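This briefing covers a protein chain and its contacts with a DNA strand. The points below are grouped by topic.

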Amino acid sequence: MDGTLISMDNGPLQAIEDTKKAIADTNVNVIYEASFKYGEVFIRADILERGNQGWFLTEVKSSTECKDQHIPDVAIQTWVIKMCGVELEGEYLQFINNEFMYQGDGNFMGLFAWQDITASVSGIIEDMAGKKDLFIRMLDGDLPQIKMGSQCKKPYKCDYIDYCKQSGPKYPVSILPNGWRAAQKLQDQGIDDVRDIPNGFLTSEKQKRVREVTISGKPHLDPEATSILKKLGWPRYYLDFETIGFAVPHWKKTRPYMQVPFQWSCHIYHKNDHSDHKEFLDITGNDPRREFAESLIACCGDEGPIIVYNESFEKSRIRELAEAFPDLSDELLALNARVFDLLKIMQKHYYHPSMMGSWSIKSVLPALVPELTYSTLVGSVHDGSEAQVAYYDAISSDADLRVRQKISSSLLEYCKLDTLAMVKIADALHNYQSGH
DNA sequence: ATGTTGAGGCGTGGAGGCTA
DNA sequence: TAGCCTCCACGCCTCAACAT
């Protein structure tokens, strides 16, 4: 849709002036980033469309539904615009329709969905002046005296979490796994630290283990874990995927936010101690799925456990590949039948006080295999989200060959370390009694 | 941002047992 | 034997945790 974009290049005051001119100009029917200021509040509206009696305001979100927190976001904009004397006829939220399937033809009709939120907005706008004053007072005042809680992460993660943690307990009760209800009860009783939880309070086995290990300071490993691992067959495939999920689909037959796999790493260990590493990475920018699937099948042979961390992720990707390529379906699904989940073993049988209630591979590795660390990675990729950014940079048309090669080696290095981490974790479990 | 899985709490309903 | 209580299993729901 053609319209006038209000630039911020010359500062907010100029943007406000430009907005006034655009509104006065009856040839302009759509304004992007229209800018307004009322009192201390400056806002930029994503889309304004001229209607018969006034304007329609549309806020664009990358989420896939209208969420509670979006309403006050639009309400404050609505309030500022109305206070500036501009008439609004209604407010809309525009978001991503994640059922949209791209057909690869450049046609994105259906990618977006809209919701009329005029009623919800007007329901809270009466209160807006008071709310605004409250927020201004809070910003001007001292640090709020409030304990950490769910508000630190929901609906968005707060930037000051690390700061606040410094003054809190060393092992807050919020680290209890699936323990939000228990944590609430404990905090109501004035208990903030896991080490202060009275014996007998917790009922879940996992939570009890966290409490006991935290108090004793000694890691716990159930010998059952060792015997389960020793029973696994050969050869052993340690496998990890990297994927990318675009809000706006890039390739035919993909949906918004669909996790498209573009890279895998596999360490293969044979019974005779012989080992091998294989990998796949496609940064051509073409749909990587077909070659990903074919190379994976070729790598994994037809017997031996395929060891992953959090099996639902890799299994789901393989299932999606099987749906995308019916001719490979049988071979792909045969891989899924061999998948063994290292995460489940860890959750059931291991805990170290430094894990702080988390069994993610990034928490388990430093506890169990401290000599292997992601910080040794020299490239720009240290976790899954950075892998996505790096992949996107690599396939972007403006990336030259040298940049691509650098990104490629960073990605390969990172994914290889992820599977090596699983190898070392499994080794550590194997040798636990003798070592440690 | 996604999807999958599992934990834990709560309500429901059937089985079994007690009493009048 | 009718009526009522208790207990436990099960299903449903919400939330959290994990991967990217």
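The surface near DNA strand C is made up of 7 nonpolar, 8 polar and 4 charged residues. The model is predicted, and the values that follow were computed from it. The bullets start with the DNA surface, then turn to the N-terminal strands and to chain A as a whole.

**Surface near DNA strand C**

- Among the 19 residues around DNA strand C, those that come nearest are Glu242, Asn310, Trp359, Ser360 and Ile361.
- Of the atoms of DNA strand C that come within 4 Å of the protein, 91% belong to sugar and phosphate.

**Polar contacts with DNA strand C**

- Ile361, one of the residues that come nearest, has a backbone N or O atom 2.7 Å from a phosphate oxygen of DNA strand C.
- Lys154 uses its side chain, where an N or O atom is 3.2 Å from a phosphate oxygen of DNA strand C.
- Gln259 addresses a base instead: a polar atom of its side chain lies 3.3 Å from a base oxygen of DNA strand C.
- Two or more residues of this surface come from each of the elements β8 (236-244) and α14 (384-395).
- β8 gives the most, with 4 residues.

**N-terminal strands**

- Strands β1 (residues 4-5) and β2 (residues 30-38) are parallel and pair over 2 bridges.
- Between β1 and β2 the chain passes through helix α1 (residues 11-24), and the resulting β-α-β crossover is right-handed.
- In the pairing of β1 with β2, Thr4 stands opposite Ile31.
- On β2, Ser35 stands opposite Arg44 of β3.
- Strand β3 (residues 41-50) runs antiparallel to β2, and 8 bridges join the two.
- The hairpin of β2 and β3 has 2 residues between the strands, and Gly39 takes a positive phi near 60° there.

**Chain A as a whole**

- Chain A has 15 helices and 13 strands.
- Along the principal axes, the C-alpha atoms of chain A fill a box of roughly 80 × 60 × 35 Å.
- Chain A has 436 residues, of which 43% count as buried.
- Taking contacts in chain A between residues at least 6 apart in sequence, 66% join residues at least 24 apart.

Definitions and conventions:
Residues are numbered from 1 along each chain as its sequence is written. Chains are lettered from A and ligands numbered from 1 in the order in which they are written. This is a predicted model: local features need pLDDT of at least 70, side-chain atom pairs count only at pLDDT 80 or more; totals for chains, interfaces and linings use all residues. Side-chain values use heavy atoms; hydrogens and water are left out. Two strands pair if DSSP finds at least two bridges between them. A crossover is right-handed if, with the strands pointing away from the viewer, the path from the first strand over the helix to the second runs clockwise. A residue is near a molecule or strand if one of its heavy atoms lies within 4 Å of it. A polar contact is a pair of N or O atoms within 3.5 Å; within protein, one must be able to donate a hydrogen and the other to accept it, and residues adjacent in sequence count only if both atoms are side-chain atoms. Ala, Val, Leu, Ile, Met, Phe, Trp, Tyr, Cys and Pro count as nonpolar, Asp, Glu, Lys and Arg as charged, and the others, Gly among them, as polar. Buried means under 20% relative accessible area, exposed over 50%, partly exposed in between (1.4 Å probe, protein chains only). Contact means heavy atoms within 4.5 Å.
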